[in-house]
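Here are some short exercises to work through with the model open beside you. Try each task before you read its solution.

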Amino acid sequence: RGGRGYVHLGTGNYNPATGKLYTDLSLLSADPGLVKDASTFFKALEKGIPPKLELMKVGLQAREFMLERIKAESHAKGHIILKLNHLTDPAVLLALETAAEAGAKVDLIIRSTLTTIHPKFKARSLVGRYLEHSRIAAFKCGGAWEVWAGSADWMPRNFERRLELIFPIKKKKVRRDVIFFFFFCDFVLILV
């Protein structure tokens, strides 16, 4: 009571063996909204009830939110960048196809499974010394990037049968760093 809360959010797990093999994004934050959502999430798990979160998204709510974000970018100036291990969710793939047909740039960095390739998608895969493990979504959002990260790949089972959080990257400098290091540095590495 009266102290400052902190939350650690990431795109991976806390397994020490896989932590040596995977590269992930890790965020330590004192943002009161993120701290509150994390506390609410774990209290809901203890009680066995669905969590009602303000900033973070989970499960089916995460899918619906991401579908809304993709739809909002479905225009000629829209830009969507997704970095995932697996992208197999039919609703998301259909929304991405619709966005691309509407003129949005759709850049996909998928390490393993991508079940649909659209001629207007720019899709690539990363393989290197350390397995790319970060799951990040960025939306141009009228010129200012909006960035989300989480531990779930965008697959039906993760949206429908798991409770994995997707969280916003709120600070402008951190968003800029995430976009640069996780999207554009990887592109340079592919070319080298």
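**Exercise 1: Helix α3**

In this predicted model, α3 is made of 14 residues and spans 20 Å from its first C-alpha to its last, close to the 20 Å expected at 1.5 Å a residue.

Task: find which residues of α3 are buried, then look at what Arg63 touches.

Solution:
1. Start with burial, for which the cut-off is under 20% relative accessible area. The buried residues of α3 are Gly59, Ala62, Arg63, Phe65, Met66, Leu67, Arg69 and Ile70.
2. Relate this to helix geometry: an α-helix has 3.6 residues a turn, so residues three or four places apart point the same way.
3. Now pick out Arg63, which is found in helix α3. Its relative accessible area is 10%, so Arg63 counts as buried.
4. List its neighbours: leaving aside residues up to four places away in sequence, Arg63 touches Asp89, Pro156, Phe159 and Glu160.
5. Check for polar atoms: the side chains of Arg63 and Asp89 make a polar contact at 2.7 Å.

**Exercise 2: The nonpolar cores**

Task: describe the largest nonpolar core and say which elements supply it.

Solution:
1. Count the members: the largest nonpolar core has 26 residues, and Ile70, Leu82, Leu87, Leu96 and Trp154 have the most contacts inside it.
2. Trace the suppliers: at least two residues of this core come from each of α3 (59-72), β5 (79-87), α4 (90-101), β6 (105-114) and β9 (135-139). The element that gives the most is α4, with six residues.
3. Look for a further core: apart from this one lies another, of 21 residues, with Leu9, Met56, Ile81 and Ala149 among them.
4. Return to Leu82, found in strand β5. Leu82 counts as buried because its relative accessibility is 0%.
5. Finish with Leu87: residues up to four places away in sequence aside, its contacts include Val92, Leu96, Ile110 and Trp154.

**Exercise 3: The cavities**

Task: how many cavities of 30 Å³ or more are there, and which residues line the largest?

Solution:
1. The count comes to two cavities of 30 Å³ or more.
2. The largest cavity has a volume of about 60 Å³.
3. Its lining is formed by Met66, Leu84, Arg135, Ile136, Ala137, Trp148, Ala149, Gly150, Ala152, Trp154 and Ile166.
4. By element, β9 and β10 (146-150) each supply at least two residues of that lining.

Terms used. Residues are numbered from 1 along each chain as its sequence is written. This is a predicted model: local features need pLDDT of at least 70, side-chain atom pairs count only at pLDDT 80 or more; totals for chains, interfaces and linings use all residues. Side-chain values use heavy atoms; hydrogens and water are left out. A nonpolar core is a set of buried Ala, Val, Leu, Ile, Met, Phe, Trp, Tyr and Cys residues joined through side-chain atoms within 4.5 Å. Buried means under 20% relative accessible area, exposed over 50%, partly exposed in between (1.4 Å probe, protein chains only). Helices (H or I, at least four residues) and strands (E, at least two) are DSSP runs, numbered from the N terminus. Contact means heavy atoms within 4.5 Å. A polar contact is a pair of N or O atoms within 3.5 Å; within protein, one must be able to donate a hydrogen and the other to accept it, and residues adjacent in sequence count only if both atoms are side-chain atoms. The expected span of a helix is 1.5 Å times one less than its number of residues. On a 1 Å grid over the protein atoms alone, a cavity is a set of points where a 1.4 Å probe fits but cannot get out, and a pocket is an open set with protein on both sides within 12 Å along at least five of seven lines; lining residues have an atom within 4 Å of a point. Grid points are joined across faces, edges and corners, and a volume is the space filled by probe spheres set on the points.
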